[in-house]
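Please open the model in a viewer and keep the sequence panel visible. The tour proceeds by selections, each followed by what is to be found there.

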Amino acid sequence: MSLLNLDDLPYFSLAGFTLNIEERAAITSSLQLKKDQEKLESIGLWGKILGVQRDYYIAQSVEQANVFARKYYYSIDLVNWLQLPEITPEEMQKIEGLQGRFYGDPAYEYPIARDAEEGEEEGEQGSHAINEEKRLSGAIALMTFEVQLVPRGAYYRDSLHKLRPNPAFQGVSRGELGQLTSYFHFREGFDINRRNIMERANAFDESIDVFDTIARDEPKGVWSVQVERGGSVAIVRSLLWPGYTFFHTPSPAKWGAMYYGTGQKNENIGFML
């Protein structure tokens, strides 16, 4: 799974950001307390969203039996961690239309224009609001779906087609560290039938090719891959969600991801590439 180990933060300095000693100490102690209080199987830092007034620290908990059963928590003071609310499809549609930076106030309300319903006059159409806590939850859900990654081969499907961590995974080979085909979207919904015959014939392994490769993402160039430290570490960055960074090193075999940014999607990516 992609929970971040704070000991791996030095890898993210290769992408130009990190957390200071005070932040690391507070996160370590407060997340351990949260894990014990709610009897969570695991919890780790997801990222930091930079707000106008205050920043949001985001944590993610994952169940071992289902790696996609995730809960998200946020903190402003690195003491109290509050669970983010679930979002309905209707709310998500409205959240995707919101622009601008986060303020850092969970209670702040963004006005949403409401279309006139049947029986209402055009001038009677009103408005309602989405608070920042829900916007935060929606933005994290979108980012997690669109950019959370895992190395190729880190998971496999057993004879019962159940997804499992691969105990034999020794990392992506150094020769393939800089290739987009070595990294997958860590999400549900993979359909082998969407692969054409040529793709299946070209080094396709049904047991480990269990997610969508980022090499097929559109527009082309939406991902940046750099190999650092003499070819021993790969840094993968998203241009769709600037601030999302993923690292992978085969020696020893480990990986992790962190978001550090304003929480804004790059809606102009199609014009930039």
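Begin by selecting isoleucine 27, which counts as buried at 1% relative accessibility; buried means under 20% relative accessible area, exposed over 50% and partly exposed in between, with a 1.4 Å probe and protein chains only. The model is a predicted one, in which local features need pLDDT of at least 70 and side-chain atom pairs count only at pLDDT 80 or more, while totals for chains, interfaces and linings use all residues. Residues are numbered from 1 along each chain as its sequence is written, and side-chain values use heavy atoms, with hydrogens and water left out.

**Around isoleucine 27**

Isoleucine 27 belongs to helix α2; helices (H or I, at least four residues) and strands (E, at least two) are DSSP runs numbered from the N terminus. Next, display its surroundings. Which residues is isoleucine 27 in contact with, leaving aside its neighbours within four places in sequence? They are Leu6, Leu19, Leu45, Tyr57 and Leu78, where contact means heavy atoms within 4.5 Å. Then add valine 79: 52 residues separate it from isoleucine 27 in sequence, and the C-alpha to C-alpha distance is 8.0 Å.

**Strand β1 and its partners**

Select residues 43-49, strand β1. Seven of its seven residues are buried, so β1 is largely enclosed by the rest of the structure. On one side, β1 runs antiparallel to strand β2 (residues 56-62), to which six bridges join it; two strands pair if DSSP finds at least two bridges between them. A hairpin of six residues leads from β1 to β2. With strand β14 (residues 253-261), β1 pairs in the parallel sense over three bridges. Lysine 48 is a useful residue to label here: it stands opposite tyrosine 57 in β2, and its bridge partner in β14 is tyrosine 260.

**The sheet and the helices across it**

Extend the selection to the open sheet of eight strands, whose order is β4-β3-β2-β1-β14-β13-β12-β11 and whose pairing is mixed. β4 (82-83) and β11 (223-228) stand at the edges with a single partner strand each, so one side of each has no neighbour in the sheet.

Now show helix α2 (residues 21-38), which lies across β1, β2 and β3 (70-75) and runs at about 130 degrees to β1. Axes are lines fitted to C-alpha atoms, for helices over the stretch in contact, and angles run from 0 to 180 degrees between N-to-C directions. Helix α4 lies across β1, β2, β3, β4, β11, β12 (233-238), β13 (244-250) and β14, at about 110 degrees to β1.

**The cores**

Colour the largest nonpolar core, which has 50 residues; Leu136, Tyr155 and Phe211 touch the most other members. Such a core is a set of buried Ala, Val, Leu, Ile, Met, Phe, Trp, Tyr and Cys residues joined through side-chain atoms within 4.5 Å. Helix α4 (residues 132-147) supplies the largest share of this core, six residues. A second, separate core of 22 residues includes Leu6, Phe12, Ala15 and Ala59.

**Helix α3**

Move to residues 89-96, helix α3, where Glu91, Met92 and Ile95 are buried. These residues lie on the same side of α3, because they cover an arc of only 100 degrees around the axis, taken from the directions from the helix axis to the C-beta atoms. On the face turned away from the buried side are the exposed residues Pro89 and Gln93.

**The whole chain**

Finally, return to the full view. The protein chain has six helices and 14 strands, and buried residues make up 44% of its 273 residues.
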